[in-house]
Amino acid sequence: MKRTPLYDRHVALGARMVPFAGFEMPVSYPQGIGAEHRAVRERVGLFDVSHMGEFEVTGPDRNAFVQRITCNDVGALGPGQAQYSGLLTREGTFVDDCLVYRFQDKIMMVVNAANIAKDWEHVVEQKQGNVRLRNISDEVALIAVQGPQAEALVAGMTSLGVAMIPYYEFADGQVAGVQCFVSRTGYTGEDGFELYCRAADAGRLWDALAPHAQPCGLGARDTLRLEAGLRLYGQDMDDTTTPFEAGLSFIVKLQKGASFTGQEALKRQKLEGVRRKLVGFTVTEERAVARPGMPVWLDEKQVDAVRSGTITPTVNAAIGTTYLPAEHAKAGTRFSIDIRGRKVQAQVVKMPFVETHTRSVRGRE
């Protein structure tokens, strides 16, 4: 089991540590998931997400290479910009979702921790042209500062004009004396930043930020992202689902001027139409909570299982996601969930479940 550079600090803070994606990670701190969640919605929270994977692509053909292996349009990025994208199979289904950062002289891809080995193999297998690939996951630490007060907190520790960094853009500089790049991105539905630095410097950066923010674990990260309608690989999408089915059509650029893995399959699916779609739902019966894996029934037939599901602090209700046949994937559709042998009623609602406060730029999410 691996540990992030901040493991000892989590233990010292009394965090409950759990195995996650091959790492020992904090799921919550003594204040509890509810308090951590509310801190991000109302003030500012601090997350250690150093378990995420990072791949560096350099060389003259770096942009063309990443253009071929991801479904979004790398050509739309200038230096200092990022985009949400996907690594796909030839069938157009997800190997993983990812972030793509374009620097002046390189590209960095950020992938999910549980998929680092699989993603690296997938990327290396497709290597073409004059490019150099490096898996730098163990060299990089990542700290997320999220919430309405995140900008003020980071601004007070840097000479960078962080207020001028647009959503899904980034800048290089020092924060609390630590060299890093500051990205206006996140996984909570709130404004905030993700700070990438050398693993050896993570402790200094955390120590500067932690007295001014609520440390948050994986539990709050999950409730926050679910309320914001943000997908989780391995639950809301996987290698059996396409971006079109998962409601992520905005990351697919079929006409970007370069072929990419999965393109032909997605062209066919777009022409024929999807047969199922990911939907958000609320459980309409009191004291019933839908959990991942519980069977989902529509018209006396099991059509899927709950993908994500819990009670979240802001919505204060049992919510979740599942896939329904496309013709039923609309707000108001009623279906049932088998919760420990009892069929409980649920209803499709529009996602996100809460108002988000990110500075969204459509097409560069």
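Strands S15 (residues 276-283) and S19 pair in the antiparallel sense, over seven bridges; strands pair when DSSP finds at least two bridges between them. Helices (H or I, at least four residues) and strands (E, at least two) are DSSP runs, numbered from the N terminus. This is a predicted model, where local features need pLDDT of at least 70 and side-chain atom pairs count only at pLDDT 80 or more, while totals for chains, interfaces and linings use all residues. Residues are numbered from 1 along each chain as its sequence is written, and side-chain values use heavy atoms, leaving out hydrogens and water.

**Around strand S19**
- On the S15 side, Val 279 sits opposite Thr 322 of S19.
- S19 also runs antiparallel to strand S18 (residues 308-312), with five bridges joining them.
- One of the pairs there puts Thr 312 across from Ala 317 in S19.
- S18 and S19 make a hairpin with four residues in between, and Asn 316 in the turn has a positive phi of about 55°.
- S19 spans residues 317-325 and is mostly covered, with eight of its nine residues buried; buried is under 20% relative accessible area, exposed over 50%, partly exposed in between (1.4 Å probe, protein chains only).

**Cysteines**
- How many disulfides are there? The count is zero, taking a disulfide as a pair of cysteine sulfur atoms within 2.5 Å.
- Cys 71 misses out because its sulfur is 7.4 Å from the closest cysteine sulfur, in Cys 98, which is too far for a bond.
- Cys 98 is likewise in no disulfide.
- Cys 71 is buried at a relative accessible area of 0%, and Cys 98 is buried at 3%.
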